[in-house]
Amino acid sequence: MVKEMRFGLNPLTLHKNKNNHVYVKFAVSFLLIGLAFRLFVSDSIRFSSVVETQGQINEKQSLETKTESPEVAALPVQEPVPDDFHGNETQISDNVEAKCDLFTGDWIPDPSGPLYSNESCLAIEGHQNCMRNGRPDSGYLYWRWNPRDCELPKFDPEKFLDSMRNKSWAFVGDSISRNHVQSLLCILSQVDQAVEVYHDVEYRSKRWHFPSHNFTLSVVWTPFLLRADIFEDINGVSSSEIQLHVDKLDTKWTQQYNNFDYMVIAGGKWFLKTAIYHENDTIQGCHNCPGKNLTELGFEYAYRKALQLLLNFVTSSDHNAFVFLRTTTPDHFENGEWFSGGTCNRTVPFKEGEVDMRDVDTAMRDIELEEFEKAAATAAKNGAVLKLLDTTRLSLLRPDSHPGPYRQFQPFAKDKNAKVQTDCLHWCLPGPIDTWNDLVMEIMIDDGKYR
């Protein structure tokens with residue numbers, strides 16, 4: 001039956017069926033090509049819309065809404081943003097800020113000048129009052145420190161004092177610490193006048209009180225931070241070697257430690273002086289003591305011992321003060337030292353790469369960074385607050401801001417060629433040491449941004 005049906009078809013009918021199949025295939029192919037063309041045009045429209053103006057995008061979207069199916073019209077003209085994109089962006093931004101280094105940057109011109117003058121501040125010691133003493137140039141006053149990846153605001157004395165009500169600060173160290181505290185006094189005096197309430201016999205350690213804020217500011221003179229027997233007059237002339245006990249902190253500051261809420265502690269150049277080193281009340285060696293038949297231990301030995309004792313005392317104390325460890329201060333004597341005719345006559349800052357740190361400053365700073373890093377881990381465990389105030393590099397770039405011969409009043413008034421002692425270690429006030437206080441305040445307020 002099937003055979004009859006199949007072979008009963010005539011050739012004409014078979015030919016017509018074949019033609020119909022061809023027409024169907026052609027129609028299907030045409031529809032597929034049309035659909036592909038439509039999709040291609042739609043994708044082209046979306047791609048071109050990325051580079052068009054917002055007005056063109058809006059107009060095209062309006063036209064597509066009328067001509068395309070709802071499914072096609074709803075496609076975005078740009079790739080969708082992942083849900084966590086903004087979160088990642090914030091995290092990246094925070095990480096960048098967290099790595100920001102306040103201590104790496106450049107000195108740039110600042111026409112606004114300092115917050116005070118030698119006339120508006122009465123706390124400037126004579127040796128640092130360069131303008132009063134007759135320094136003829138003033139360009140050194142018009143620079144500010146510009147960290148490369150951070151903004152460093154100028155010190156806000158009113159904000160500082162308001163946040164320090166009923167608090168106490170201490171600067172602990174040598175005469176550079178005294179130079180530093182005078183800078184802070186001058187800045188704060190633009191808002192509130194301090195009253196001196198204490199000084200030692202030599203006027204090296206002092207304390208001031210700001211009655212309007214019940215704020216106390218002290219400087220404790222202890223040049224080694226350790227117990228030391230010093231046989232030296234006010235001009236630095238020694239009658240005997242320093243006897244330094246490298247295993248005992250100076251009680252002059254440790255006995256007052258619990259009275260201070262904030263401290264800036266620093267060692268420095270005194271460790272370069274000739275000294276006999278004692279441990280367990282026994283002489284162990286010395287630094288720079290030829291002819292004494294003692295082991296030369298080097299200043300590095302004593303300086304590391306001092307910092308280890310200091311930082312262990314701070315991090316293990318039950319009194320959790322906010323403590324800054326300030327790094328060493330480079331001097332800028334050229335053509336000699338302070339005792340051999342050295343001078344500092346430059347009038348503009350160095351740029352990065354124009355000056356190298358001296359070996360002794362590099363050695364001291366390396367010890368400071370190494371010991372600080374070890375102590376910081378302990379501080380974090382014990383709840384102590386320990387911060388690094390790394391002023392060495394930024395200070396190295398300022399050879400122009402020392403008193404030089406103008407540590408004395410009008411040194412060339414009588415003789416223009418007079419030979420006078422110069423100071424290329426301490427800083428004129430006002431001067432770049434004011435920036436140290438900008439850094440202190442910024443770290444206190446927003447330390448999370450910095451490393």
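**Entry 1. Whole chain**

I began with the surface: the accessible surface of the chain comes to about 24800 Å², and carbon and sulfur atoms hold 54% of that area. I note here that the model is a predicted one. I then looked up burial and found that 42% of the 451 residues are buried. For secondary structure I listed 12 helices and 13 strands. I also checked how far along the sequence the contacts reach. Among contacts with a separation of 6 or more, 74% are between residues 24 or more positions apart.

**Entry 2. The sheet of 7 strands**

I traced the strand order of an open sheet and wrote it down as β4-β5-β6-β3-β9-β12-β13, with mixed pairing. The edges are β4 and β13 (385-389), each of which pairs on one side only. I looked up the twist as well: neighbouring strands of this sheet are turned by 15° against each other on average, direction ignored.

Next I took one pair from within the order. Strand β3 (residues 168-173) and strand β9 (residues 262-265) run parallel and are joined by 4 bridges. In this pairing I found V172 opposite I265 of β9.

Two helices on the sheet were then checked. Helix α7 (residues 175-188) packs on it and touches β3, β5 (206-210), β6 (215-221), β9, β12 (322-326) and β13. The direction of α7 makes about 160° with that of β6. Helix α9 (residues 299-316) also packs on the sheet, where it touches β9, β12 and β13. I noted an angle of about 165° between the direction of α9 and that of β12.

**Entry 3. Edge strand β4 and its patch**

I went back to the edge strand β4. V195 is found in this strand, which covers residues 195-199. Is V195 buried, partly exposed or exposed? I recorded V195 as partly exposed, because its relative accessibility is 44%. V195 also belongs to a nonpolar surface patch, which it makes together with V197 and Y198. I noted about 260 Å² for the area of this patch.

**Entry 4. K206 in β5**

I selected K206, which lies in strand β5. K206 has a relative accessible area of 15%, so I entered it as buried; the cut-off for buried is under 20%. With neighbours within four places in sequence left aside, I listed its contacts as E125, E196, Y198, H199, L217, S218 and V219. For one of these, V219, I looked up the spacing: K206 and V219 are 13 residues apart in sequence, and their C-alpha atoms are 5.4 Å apart.

**Entry 5. Strand β8 and its partners**

I moved on to strand β8 (residues 242-249), which is mostly covered, with 6 of its 8 residues buried. Which way do β7 and β8 run? I found strand β7 (residues 226-229) antiparallel to β8, with 4 bridges joining them. A228 has L244 in β8 as its bridge partner. Strand β10 (residues 275-279) runs parallel to β8 and is also joined to it by 4 bridges. There I found Q243 opposite I276 of β10.

**Entry 6. Salt bridges**

I counted 20 salt bridges and looked up three of them.

R304 and E370 form one, with the closest N and O atoms 2.9 Å apart. R304 lies in helix α9 and E370 in helix α10 (residues 359-382), so this pair ties together parts that are 66 residues apart in sequence. I checked exposure at both ends: R304 is partly exposed at 27% relative accessibility, and E370 is partly exposed at 38%. The pair also sits in a network of salt bridges that links R304, E370, E371 and K374.

E352 and R393 meet in another salt bridge, at 2.7 Å from N to O. E352 is in the loop between β12 and α10 and R393 is in helix α11 (residues 392-396), so the parts tied together are 41 residues apart in sequence. I entered E352 as partly exposed at 40% and R393 as partly exposed at 24%.

R398 and D400 form the third one I looked up, with the closest N and O atoms 2.9 Å apart. Are R398 and D400 buried or exposed? I found R398 buried, and D400 buried too.

Notes:
Residues numbered from 1 in each chain as written. Predicted model: local features only at pLDDT ≥ 70, side-chain atom pairs only at ≥ 80, totals over all residues. Heavy atoms only, no water. Patch = residues over 30% accessible without salt bridge, like charges linked within 9 Å, V, L, I, M, F, W, Y side chains within 5 Å. Areas by Shrake-Rupley, 256 points an atom, 1.4 Å probe, with all protein chains shown as cover. Salt bridge = Lys/Arg side-chain N within 4 Å of Asp/Glu carboxyl O. Buried < 20%, exposed > 50% of the residue type's maximum accessible area, 1.4 Å probe, protein only. Pairing = 2+ DSSP bridges. Axes fitted to C-alpha atoms, helices over the stretch in contact; angles between N-to-C directions. Contact = heavy atoms within 4.5 Å.
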